[in-house]
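This briefing addresses a single protein chain and is intended for a reader who has the sequence and coordinates at hand. The points below are grouped by topic.

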Amino acid sequence: DNDSESGDSVRPMNEFDNDNNSINNNRRHNTTLAIEKSSPTTNLQVLGLSSNNIGLVGSKALANTLKCSKSLKRLILRRNDIGNEGALAFGKALKTNNCLEFLDLTATNIHDEGAIALCNGLESNSSLKTLLLGHNHIGDEGVQAFANLLQSTTESTTRKNHQCLQCLDLRRNSWSEDSLHLLARAI
């Protein structure tokens, strides 16, 4: 039975969840190639790759794809060791991507440097509403960067269509109580 003869159309996949598969080196290479070659016009809206050991190479490939994605709304990368360099790549991607609404980087080995890079990307991003960064190593410098970002976006009236973060998860990091006060004042 042919789809065109029956009048049925093939619906494109809009969600892919590949959590907890511990991608080994061969699969990591193949996954990275698939990500890099994926079309920016794909209809994929949700991509879940938690606990897959994607590492820096995979996170850079995802960030490059994210730069030109017109459909991806949710990216879940929790429990992957992307580190500061991966966060830097995502920060650069967020500067040009205005589609992604949800980014989960929980337990991804991000420190202050990575948090600052994400904040730099968010300065020109108008779509990200939820950023999950719990269980990382973000200290006072990283929290200060988020406080500055939140303060500048709440005070700014010149940015048109700018959507501030609605949910920022920084629990179980290594920042002090002083940083809590900075965040509270910023919001």
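Gly134 is buried, because its relative accessible area is 0%, under the 20% limit. The coordinates belong to a predicted model. Gly134 sits in the loop between β5 and α6, and the same loop holds Leu133, with β5 spanning 130-132 and α6 spanning 140-155.

**The loop between β5 and α6**

- Leaving aside neighbours within four places in sequence, Gly134 is in contact with Thr106, Ala107, Asp169, Leu170, Arg171 and Asn173.
- Between Gly134 and Ile110, which are 24 residues apart along the chain, the C-alpha separation is 9.6 Å.
- Leu133 has a relative accessibility of 0% and therefore counts as buried.
- Beyond four places in sequence, the contacts of Leu133 are Leu105, Thr106, Ile110, Leu118, Ile138, Phe146, Leu168, Asp169, Leu170 and Asn173.
- Thr106, Asp169, Leu170 and Asn173 appear among the contacts of both Leu133 and Gly134.
- The C-alpha atoms of Leu133 and Arg172 lie 9.0 Å apart in space, and these residues are 39 apart in sequence.

**Residues with positive phi**

- Arg172 has a phi near 55°, which is a positive value in a residue other than glycine.
- Arg172 belongs to the loop between β6 (167-169) and α7.
- The relative accessibility of Arg172 is 64%, so Arg172 counts as exposed.
- Ser51 also has a phi near 55°, again positive in a residue other than glycine.
- The position of Ser51 is the loop between β2 (46-48) and α3 (55-68).
- Ser51 is buried because its relative accessible area is 16%, whereas Arg172 is exposed.

**Asn84 and its polar contacts**

- Asn84 is part of helix α4, which covers residues 83-96.
- With a relative accessibility of 18%, Asn84 counts as buried, because the limit is 20%.
- A polar atom of the Asn84 side chain lies 2.9 Å from the backbone nitrogen of His111.
- The Asn84 side chain also reaches the backbone nitrogen of Gly114, at 3.0 Å.
- Apart from neighbours within four places in sequence, Asn84 is in contact with Asn109, Ile110, His111, Glu113 and Gly114.
- Ile110 is thus among the contacts of Asn84 and also among those of Leu133.

**Cys68 in helix α3**

- Cys68 is located in helix α3.
- The relative accessible area of Cys68 is 34%, so this residue is partly exposed.
- Cys68 and Asn97 are 29 residues apart along the chain, and their C-alpha atoms are separated by 6.5 Å.

**The second largest pocket**

- The second largest pocket holds about 160 Å³ of space.
- Its lining consists of Leu150, Leu165, Gln166, Leu168, Leu170, Leu180, Leu183, Ala184 and Ile187.
- By class, the lining residues are eight nonpolar, one polar and no charged.
- Helix α7, residues 177-186, contributes the most to this lining, with three residues.
- Leu168 and Leu170 belong to the lining and are also among the contacts of Leu133.

**Overall architecture**

- The chain has seven helices and six strands.
- From the N terminus, these elements follow the order α-β-α-β-α-β-α-β-α-β-α-β-α.
- Of the 187 residues in the chain, 44% are buried.
- Among contacts between residues at least 6 apart in sequence, 88% join residues at least 24 apart.

**Confidence of the prediction**

- The mean pLDDT of the chain is 82, and 74% of the residues reach 70 or more.
- The pLDDT is below 50 over residues 1-7, a stretch that has three contacts in the model beyond near neighbours in sequence.
- The pLDDT is also below 50 over residues 157-162, where the stretch has nine contacts beyond near neighbours in sequence.
- Where pLDDT is low, predicted coordinates should not be read in detail.

How values were computed:
Residues numbered from 1 in each chain as written. Predicted model: local features only at pLDDT ≥ 70, side-chain atom pairs only at ≥ 80, totals over all residues. Heavy atoms only, no water. 1 Å grid on protein atoms, 1.4 Å probe; cavity = no way out; pocket = protein on both sides within 12 Å on 5 of 7 lines; lining within 4 Å. Points joined across faces, edges and corners; volume = space filled by probe spheres on them. Helix = DSSP H or I, 4+ residues; strand = E, 2+ residues; numbered from the N terminus. Nonpolar A, V, L, I, M, F, W, Y, C, P; charged D, E, K, R; others polar. pLDDT = per-residue confidence, 0-100. Contact = heavy atoms within 4.5 Å. Buried < 20%, exposed > 50% of the residue type's maximum accessible area, 1.4 Å probe, protein only. Polar contact = N/O pair within 3.5 Å; in protein donor to acceptor, adjacent residues only side chain to side chain.
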